[in-house]
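Reader: I would like to work through the strands and one helix of a protein model. Please take the points one at a time.

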Amino acid sequence: MKEFRFFVILQSAVSKVLVFNDRIEFHTPGKLPNTVTIDSMKVGGAHVLRNPTIYNLLLKMGLVTDIGSGVKRIIEVIRKNLNKEVDLFETENEFVLTIPRA
């Protein structure tokens, strides 16, 4: 029964974007899939299609690029333009990506 309750909590959780003076935090509910690690995300070698229908639609519209390359590109852009590092971490209940601001 505990697993079902936990599932219900995750289903009602929402992604959050928090904007601070020095950073922007993206909070995504739930843990990373078993095949995805923070290290593999940093090199662009990790992806899990959560909604193939939406991905295929966006791909046909030219609005997405390579699967699993987003975090790597964010890291590269922030390093190049701000000379700062992106922070990625996972808690028991969520994944957080923090982008420093200029």
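The questions and answers below deal with a predicted model.

Reader: In what order do the strands of the open sheet lie?

Author: The sheet is open and has 4 strands. Their pairing is antiparallel. The order is S1-S2-S4-S3.

Reader: Which strands stand at the edges of that sheet?

Author: An edge strand has a single partner strand, so one side of it is left without a neighbour in the sheet. This applies to two strands here, S1 (16-19) and S3.

Reader: By how many degrees are neighbouring strands of this sheet turned against each other on average?

Author: The direction of the strands is ignored for this value. On average, the turn between neighbouring strands is 15°.

Reader: How many bridges join strand S2 to S4?

Author: Strands of a sheet pair through backbone hydrogen bonds, either parallel or antiparallel. S2 covers residues 23-29, and S2 and S4 run antiparallel. One of the pairs places Glu 25 of the sheet opposite its bridge partner Thr 98 in S4. The number of bridges joining S2 to S4 is 7.

Reader: What do S3 and S4 form, and how many residues lie between them?

Author: S3 and S4 pair in the antiparallel sense over 4 bridges. Phe 89 has Val 96 in S4 as its bridge partner, and Glu 90 stands opposite Phe 95. Together S3 and S4 form a hairpin, and the number of residues between them is 3.

Reader: Is Glu 92 buried or exposed?

Author: Glu 92 is found in the loop between strand S3 (87-90) and strand S4 (94-100). Its relative accessibility is 64%, and a residue counts as exposed over 50%. Glu 92 is therefore exposed.

Reader: How far apart in space are Glu 92 and Lys 31?

Author: In sequence, Glu 92 and Lys 31 are 61 residues apart. In space, taken from C-alpha to C-alpha, the distance is 6.7 Å.

Reader: How many residues of S4 are buried?

Author: In a regular strand the side chains alternate between the two faces of the sheet. On one side of S4, Glu 94, Val 96, Thr 98 and Pro 100 are buried, and on the other Phe 95, Leu 97 and Ile 99 are buried, so both faces are covered. S4 is thus largely enclosed by the rest of the structure, and its buried residues number 7 of the 7.

Reader: What is the relative accessible area of Thr 98?

Author: Thr 98 is found in strand S4. Not counting residues up to four places away in sequence, Thr 98 touches Arg 23, Ile 24, Glu 25, Val 86, Asp 87 and Phe 89. Thr 98 is buried, because its relative accessible area is under 20%. The value is 9%.

Reader: How far apart are the end C-alpha atoms of helix H4?

Author: Helix H4 (residues 70-82) has 13 residues. At 1.5 Å a residue, the expected span is 18 Å, which agrees with the model. The end C-alpha atoms are apart by 18 Å.

Reader: Within what arc do the buried residues of H4 fall?

Author: Val 71, Ile 75 and Ile 78 are buried in H4. Seen down the axis, the buried residues line one face of the helix, because they fall within an arc of 70°.

Reader: What do the buried residues of H4 pack against?

Author: On the other side of H4, Lys 80 and Asn 81 are exposed. H4 lies across S3 and S4, running at about 25° to S4. Its buried residues pack against helix H2 (38-42), S3 and S4.

Conventions. Residues are numbered from 1 along each chain as its sequence is written. This is a predicted model: local features need pLDDT of at least 70, side-chain atom pairs count only at pLDDT 80 or more; totals for chains, interfaces and linings use all residues. Side-chain values use heavy atoms; hydrogens and water are left out. Buried means under 20% relative accessible area, exposed over 50%, partly exposed in between (1.4 Å probe, protein chains only). The expected span of a helix is 1.5 Å times one less than its number of residues. The arc is that of the directions from the helix axis to the C-beta atoms. Contact means heavy atoms within 4.5 Å. Two strands pair if DSSP finds at least two bridges between them. Axes are lines fitted to C-alpha atoms, for helices over the stretch in contact, and angles run from 0 to 180 degrees between N-to-C directions.
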